[in-house]
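Welcome to a short guided tour of a protein structure. Keep the picture open beside you and find each place as you read.

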Amino acid sequence: GRLGENTLAAETASLEEQLQGWGEVILMTDKVLRWERAWFPLALMSVVSFSFLMIYYLDPSVLSGVSCFVMFLCLADYLVPALAPRIFGSNKWTTEQQQRFHEICSNLVKSRRRIVGWWKRLFTLKEEKPKMYFMTMLFSLAVVAWIGQQVHNLFLTYLIVSFLLLFPGLNQHGIITKYVGMAKREINKLLKHKEKKNE
C-alpha cells in the first residue's frame with residue numbers, strides 16, 4: 001500500500017543519489033539496450049563477441065580473469081564519474097533525461113525487490129514443503145549441471161550474456177511478447193487437440 005510506495009520512493013531516491021556520477025553512461029547504455037537506433041544491436045553483439053574472442057584467445061586462469069574484471073570495475077568506478085561530464089557535455093539534464101533516469105532507478109529497485117521476494121519464497125518453500133524444495137532444487141541443479149557438461153563453459157557464458165543484453169531490446173520492440181504469444185497459442189492448440197482425442 002501507501003507504506004510500500006513511500007519505501008519504494010525512498011529506495012529509488014537513494015539509488016539515484018548513488019548513481020548520479022554514472023548518470024550519462026546509464027542513459028547512453030539504456031538507449032543502446034533498448035535499440036533506439038537500428039544498428040545498436042549489431043554494435044552490441046560485435047563488442048560482446050570481440051570481448052569473448054579475446055578471452056578465448058588469451059585463455060586466462062579463473063583467478064586472473066576475476067582479478068582483471070574487478071580491476072576494470074574499480075577503474076571504471078574511479079574514472080567514469082570524473083570523465084563522463086567532459087565526454088557527454090553539459091551537466092544540466094533535460095526534464096526528459098531526468099525522468100528516464102528516475103524510471104531506470106525505479107526499475108532497478110523493483111527488480112532487486114523481486115529477486116529478494118523470490119529468495120524469500122524459496123526459503124518459505126523449504127520450511128513449509130521441505131521434500132518439494134529438495135526435489136525441485138536437485139532436479140534444477142541436475143539440469144544445469146547436464147547443460148554445463150554438454151556446452152563449453154565460455155560459449156554458454158557468451159549465450160547467457162548475449163541474451164541478457166539483448167533482452168531489453170527484444171522486450172521493447174515486442175519480439176518476446178510476440179513469440180511468447182505464439183508459444184501459448186500452440187500449447188493451447190495441443191491441449192485442445194488432446195481433449196478432443198480423449199472425448
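## A buried acid in helix H2

Let's begin with Asp 30, which counts as buried because its relative accessibility is 11%, below the 20% cut-off used for that word. Please keep in mind that this is a predicted model.

Asp 30 has company: Gly 23, Glu 24, Ile 26, Leu 27 and Val 32 in H2 are buried too. Just after H2 you will find Trp 35, where phi is positive, at about 55°.

## Salt bridges around Arg 100

What does the side chain of Asp 30 meet in a salt bridge? Its partner is Arg 100, with 2.8 Å from N to O. This pair ties together distant parts of the chain, since Asp 30 belongs to helix H2 and Arg 100 to helix H5, 70 residues apart.

Arg 100 also forms a salt bridge with Glu 103, at 2.7 Å from N to O. Those two are both in helix H5 and 3 residues apart, so about one helical turn separates them. Glu 103 has a relative accessible area of 33% and is therefore partly exposed. If you follow the links further, you reach a network of salt bridges made up of Asp 30, Arg 34, Glu 36, Arg 100 and Glu 103.

## A bridge from H5 to H1

How many salt bridges does a search of the whole structure find? The total is 7. One more to look for joins the side chains of Arg 112 and Glu 11, with an N to O distance of 3.4 Å. Here again distant parts of the chain are linked: Arg 112 sits in helix H5 (residues 95-128) and Glu 11 in helix H1 (residues 2-19), 101 residues apart.

Are these two residues buried or partly exposed? Arg 112 counts as partly exposed, because its relative accessibility is 43%. Glu 11 is partly exposed as well, with a relative accessible area of 24%.

## Where H2 meets H4

Now turn to the packing of helix H2 (residues 23-33) against helix H4 (residues 62-88). Their axes lie 8 Å apart and make an angle of about 65°, so the two helices are roughly perpendicular to each other.

Which residues make this contact? H2 brings Glu 24, Val 25 and Met 28, while H4 brings Val 80, Ala 84 and Phe 88. Sorted by character, the contact has 5 nonpolar residues, 1 charged residue and no polar ones.

## Leu 33 and its neighbors

Leu 33 is also part of helix H2. Leaving out residues up to four places away in sequence, Leu 33 touches Leu 44, Leu 165, Pro 168 and Gly 169. Leu 44 is 11 residues along the chain from Leu 33, and the C-alpha atoms of the two are 8.1 Å apart.

## What the UniProt record adds

An unreviewed UniProt entry lists residues 38-58, 64-84, 132-149 and 155-176 under "transmembrane region". You can compare two of these stretches with the model. Residues 64-84 are 100% helix and 0% strand, with 28 Å between the end C-alpha atoms. Residues 155-176 are 91% helix and 0% strand, and here the end C-alpha atoms are 23 Å apart.

Methods
Residues are numbered from 1 along each chain as its sequence is written. This is a predicted model: local features need pLDDT of at least 70, side-chain atom pairs count only at pLDDT 80 or more; totals for chains, interfaces and linings use all residues. Side-chain values use heavy atoms; hydrogens and water are left out. Axes are lines fitted to C-alpha atoms, for helices over the stretch in contact, and angles run from 0 to 180 degrees between N-to-C directions. Helices (H or I, at least four residues) and strands (E, at least two) are DSSP runs, numbered from the N terminus. Angles under 35 degrees count as roughly parallel, over 145 as roughly antiparallel, 65 to 115 as roughly perpendicular and the rest as oblique. Contact means heavy atoms within 4.5 Å. Ala, Val, Leu, Ile, Met, Phe, Trp, Tyr, Cys and Pro count as nonpolar, Asp, Glu, Lys and Arg as charged, and the others, Gly among them, as polar. A salt bridge is a side-chain nitrogen of Lys or Arg within 4 Å of a carboxyl oxygen of Asp or Glu. Buried means under 20% relative accessible area, exposed over 50%, partly exposed in between (1.4 Å probe, protein chains only). UniProt positions are given in the numbering used here, feature names are shortened, and annotations may be inferred rather than shown by experiment.
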